[in-house]
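Have the viewer open and a colouring by chain position ready. We'll walk through this one from its ligands outward.

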Amino acid sequence: MYNQASAYPIKPVFKSNDPWKNLLDNTDFVKTFLLEVLEAYIVKQRWYAGKASKLKYIELAEYFRIQHHGEVYFGLILEVNFEEAFFQHYFLPIAFITDKKEAPQDKILPISIENKEGYIIDAIHLESFRKLVFERIATATPKDTTKVQYHKNPVFKNIVYESSRCMALEQSNTSLIYNEKYVLKFFRRIYGDKNPDYEMSRFLSEKKEFKNTPSYVGSINLVDSDAINITIGLMQLMIENEGDAWEYMLKELHKVFSNLEYKKINIETLPNTDLYQRLTIPDIPAQIIDWVGLNLFLKIQTLAKRTAEMHIVLGSEFEETAFTPAHYNGDYTVWLKNKMLHQFQNRLNIVENNIHKLDGLALQLAHEFLDNKNTIRKHFIAFDWTKLKGERIRIHGDYHLGQILIKNNDFFILDFEGEPESTIRDRKVKQPPLKDVAGLFRSFHYAIYATIFNNGEPHYKASQEALFQAGEVLYRYITGLFLGHYVTETQNANLNLGYNQERVFILKYCLLEKAVYELGYELNSRPQWAVIPLKGISNIINH
Ligand SMILES: Nc1ncnc2c1ncn2[C@@H]1O[C@H](COP(=O)(O)OP(=O)(O)O)[C@@H](O)[C@H]1O
Ligand SMILES: O=P(O)(O)O[C@H]1O[C@H](CO)[C@@H](O[C@H]2O[C@H](CO)[C@@H](O)[C@H](O)[C@H]2O)[C@H](O)[C@H]1O
């Protein structure tokens, strides 16, 4: 039998006399495959989101065939059950190959089928599978009523397969590039509903023709045994880009912090401004422009404009109820407070369980976080909808600099899947658009502190305290300028964000929420980064 601890054996671990196309009807095979192979395989995958929990067992929830003449692939929907009494679903397409050169990586299981020795592999590594999927989307008919439904935007006619490759990026799903022109994202973790990325992509690009997101090309949805529509794949036009806004920001900020010494700037005498004041470029003192450079401020202005345009489009629907704007009410408030308190309790627990991983400033700030738990809890409870007059709309939900591509000095917004930890229903709840703005502001804060922590002393001569001080001044001007443009744009388009005090209240509420969310994300996936949200939380509760 297969030993999970060892490397894959050379000899097939399973022999089947059934043909490949019937293999999943063989209950012995399914049992061995799930129990003895997939458990070991899945936990090593980049897209597996259950790493912080203890896997109990895997079940095959559903499977379907993707086939053409003699070519057969299986799409597996795996239900991963955890010791902590919850489950997650994953999509894994599989293929059988007899020539291992066909897929040098990611062999799941050596197997002998009808005396032919070979491997079961993740089908995305096989060109013939990628080609078949592409052709299915390219030739999709407007009304597909089969179990696996392929859809395409009618604008895309006569697309012929030329090439395909895996994107090979650090990402939570798996994206393929076709003809160097299209990106097909296979969702790995899947939910019993249409994926918000699919819904938002169709709404923004197909229905509203919003230009600053990749155009929707097509999709694959599975209609499961309960007639629920599950999104498996989303195809969009590829945006040839110069990198993402996170990389751009880190590069720019390194220059900005280097300028402190290069331009002999006295951090103590830098002019300052109030937090979350609406600014325009003429409001920014010459000394600050000289230090930071006008270019970065102009970029922030463009990003504010694109963000506002996205929200204006998302707030412009009057028919499709999934997108029509809503007002604050009691139900929303109960939902929000429950969610916040649950998330906060979970974060307290994560911090307590991981405090041994922290030292120095991070440890000090973690103690401050725990000591302030009542203050933070009160902040989350202090949400009084009767005082709020603005609108709630569908939002991006996980808006940060890593979700934005840069091309020709412009920004393109991607990945509308929503916050990874939220349930699929929660991700579709209409939220204040300022929640996205808060996501981005946290990202500016992250970029500033990542620059200080990553480059630190060897590069910058100033003390860490002085760098924090300069970083906070910079944060105030960047966010103020962003707000100035964002609020003006949305007001001109009659998107109601509420009155000034309301806007600042929502922004601060969402900033703390996001920083608390991030603390859990970092402690679970990269504890050395936890200092960044901890510093963010400290700044928010102390100002
Ligand atoms: N349409 C596109 N054009 C160009 N690059 C893209 C496109 N879609 C995704 N990418 C690249 O792939 C990365 C991951 O995409 P994303 O949708 O965020 O996937 P995930 O949900 O797996 O995080 C993006 O950060 C971007 O670099
Ligand atoms: O995988 P996703 O992109 O959906 O988002 C998760 O991972 C993000 C990190 O890649 C994480 O973002 C946090 O770190 C970013 C820098 O790496 C920073 O720009 C973001 O502001 C910060 O939230 C995100 O929170 C998490 O959901």
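Which of the 19 residues around ligand 1 come nearest? They are Gln171, Asn173, Pro214, Ile239 and Asp415, where being around a ligand means having a C-beta atom, placed from the backbone, within 6 Å of it. Before going on, some ground rules: this is a predicted model, so local features need pLDDT of at least 70 and side-chain atom pairs count only at pLDDT 80 or more, while totals for chains, interfaces and linings use all residues. Residues are numbered from 1 along each chain as its sequence is written, and chains are lettered from A and ligands numbered from 1 in the order in which they are written.

Back to ligand 1. Sorted by class, its shell holds eight nonpolar, seven polar and four charged residues. Here Ala, Val, Leu, Ile, Met, Phe, Trp, Tyr, Cys and Pro count as nonpolar, Asp, Glu, Lys and Arg as charged, and the others, Gly among them, as polar. Domain 2 (129-237) and domain 3 (259-265 + 275-323 + 388-498) each put at least three residues into that shell; domain bounds come from an automatic or database domain assignment.

Now hop over to ligand 2. Its surroundings include Ser172, Trp246, Asp398, His400, Arg442 and Glu518. Two elements give two or more residues each, namely α11 (434-459) and α13 (500-525), and α11 has the largest share with three. (Helices are DSSP runs of H or I with at least four residues, strands are runs of E with at least two, and both are numbered from the N terminus.) The class split for this shell is five nonpolar, four polar and three charged.

Next, find the open sheet of six strands, ordered β7-β12-β13-β10-β9-β8 with antiparallel pairing; strands pair if DSSP finds at least two bridges between them. β7 (148-152) and β8 (164-166) sit at the edges, each pairing on one side only. From one strand to the next the twist averages 20 degrees, with axes being lines fitted to C-alpha atoms and angles running from 0 to 180 degrees between N-to-C directions. At the β8 edge, three bridges tie β8 to β9 (residues 174-178) in the antiparallel sense, and Ser164 has Tyr178 of β9 as its bridge partner.

There's also a neat little hairpin to look at. Strands β16 (residues 404-407) and β17 (residues 410-413) run antiparallel and are joined by four bridges, with Leu405 partnered by Phe412 in β17. Two residues lie between the strands, and Asn408 in the turn has a positive phi of about 50 degrees.

Finally, look at domain 1 (14-122) beside domain 2 (129-237). Their C-alpha centres lie 22 Å apart. The contact takes 17 residues from domain 1 and 18 from domain 2, contact meaning C-beta atoms, placed from the backbone, within 7 Å. On the domain 1 side, β2 (55-68), β3 (71-82) and β4 (87-97) each supply at least two residues, and β4 gives the most, with six. That side has ten nonpolar, four polar and three charged residues.

Technical notes
Two residues are in contact if their C-beta atoms, placed from the backbone, lie within 7 Å.
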